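Please open the structure in your viewer and keep the sequence panel visible beside it. The tour proceeds by selections, each followed by a description of what is to be found there.

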Amino acid sequence: YDTDHLNFGNRLLVHFTGIFCRHVPLTATSILDAGAGTGRLAETLSVQGYSGFTGIDLSTNMLAVANAKGVYDALLRMRLGDRLDFEDNRFAVVASLAAMSPGHAGADAFEELIRVTRPGGLLVLSLRAGCESVTGFNRRRKSLEVAGQWQLVDEITDVVSHPEYEPPLRYGVHVYRKPG
């Protein structure tokens, strides 16, 4: 899994890390890695000086790989889209790299991610682009914005993550602030 992403230059990870570092201060030490997978995101951000990572993922095998990287305070098996086993307003930052796409986490996960983010906290999410009819990501993002649940701060709308696929896999990276 990690080698596959490395072979294509970690394109999404590079863009995600750039926008994350632009908006999240190094003093943010309560970071949820939602859909942590093998821990690529926390490993990369820890090199930049971030700490205080909690990771969640559905796959126990991926969590075992993430654990071996030694950058998480806690790793827990949870499913994005279900109620998360965290108190309200728990995290200063919620980040999700490549977990939100068809067949993985869907737009139904947004409310829980908002719930566990502190008022004034940030959500940095990569969402598969070009498949709105399947995911409903854009409709749901907009409805949550209109409802005042979050505010768009910044975004990169189109990153080709895997050019080897036909059509290539594309993502947007979106930064939201929870009002508060």
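Begin by selecting A98, which is found in strand 4. Helices (H or I, at least four residues) and strands (E, at least two) are DSSP runs, numbered from the N terminus. The structure is a predicted model, in which local features need pLDDT of at least 70 and side-chain atom pairs count only at pLDDT 80 or more, while totals for chains, interfaces and linings use all residues. Residues are numbered from 1 along each chain as its sequence is written, and side-chain values use heavy atoms, with hydrogens and water left out.

A98 has a positive phi of about 65 degrees, although A98 is not a glycine. Most residues other than glycine have a negative phi, and most peptide bonds are trans. Is A98 buried or exposed? A98 is buried, with a relative accessible area of 16%. Buried means under 20% relative accessible area, exposed over 50%, and partly exposed in between (1.4 Å probe, protein chains only).

**From A98 to S126**

Next, select S126, which lies in strand 5. The side chain of S126 reaches the backbone nitrogen of A98 at 2.5 Å; a polar contact is a pair of N or O atoms within 3.5 Å, where within protein one must be able to donate a hydrogen and the other to accept it, and residues adjacent in sequence count only if both atoms are side-chain atoms. S126 is buried, with a relative accessible area of 0%. Leaving aside neighbours within four places in sequence, S126 is in contact (heavy atoms within 4.5 Å) with several residues, including L12, F16, S96, M100 and Y171.

**Strand 5 and its partners**

Now select the whole of strand 5, residues 117-128. Why can strand 5 be called largely enclosed by the rest of the structure? Strand 5 is so described because 9 of its 12 residues are buried.

Add strand 4, residues 91-100, to the selection: 6 bridges join strand 4 to strand 5, and the two run parallel. Two strands pair if DSSP finds at least two bridges between them. To see one such partnership, select V94, whose bridge partner in strand 5 is L123. Following the chain from strand 4, one passes through helix 5 (residues 110-115) to reach strand 5, and this β-α-β crossover is right-handed. A crossover is right-handed if, with the strands pointing away from the viewer, the path from the first strand over the helix to the second runs clockwise.

Then select strand 7, residues 169-177, which pairs with strand 5 in the antiparallel sense over 7 bridges. Here R128 stands opposite Y171 of strand 7.

**The hairpin of strands 6 and 7**

Keep strand 7 and add strand 6; these two pair in the antiparallel sense over 8 bridges. D154 has V175 of strand 7 as its bridge partner. A hairpin joins strand 6 to strand 7 through 6 residues. In the loop between these strands, select P167. A cis peptide bond joins E166 and P167, with omega about -5 degrees.

**Two further backbone positions**

Move to N89, in the loop between strand 3 (72-77) and strand 4. Phi of N89 is near 60 degrees, a positive value in a residue other than glycine. N89 is partly exposed, with a relative accessible area of 34%.

Select helix 3 (residues 40-47) next, where R40, L41, A42 and L45 are buried. Just after helix 3, G49 takes a positive phi of about 110 degrees.

**Aromatic rings**

Rings of Phe, Tyr and Trp (its six-membered ring) pair if their centres lie within 6.5 Å; planes under 30 degrees apart count as stacked, over 60 as edge-to-face and the rest as tilted. By this rule the count comes to 7 aromatic pairs. Select F53 and Y72: the ring centres are 6.2 Å apart and the planes lie at 65 degrees, so the pair is edge-to-face. This pair links distant parts of the chain, with F53 in strand 2 (residues 53-57) and Y72 in strand 3, 19 residues apart. Both F53 and Y72 are buried. Finally, show F110, F137, W150 and Y176, which ring pairs link into a cluster.

**Confidence**

Colour the model by pLDDT, the predictor's confidence in each residue, from 0 to 100. The protein averages a pLDDT of 93, and 95% of the residues score at least 70. Over residues 4-9, however, pLDDT stays under 50. Where pLDDT is low, the predicted coordinates should not be read in detail.
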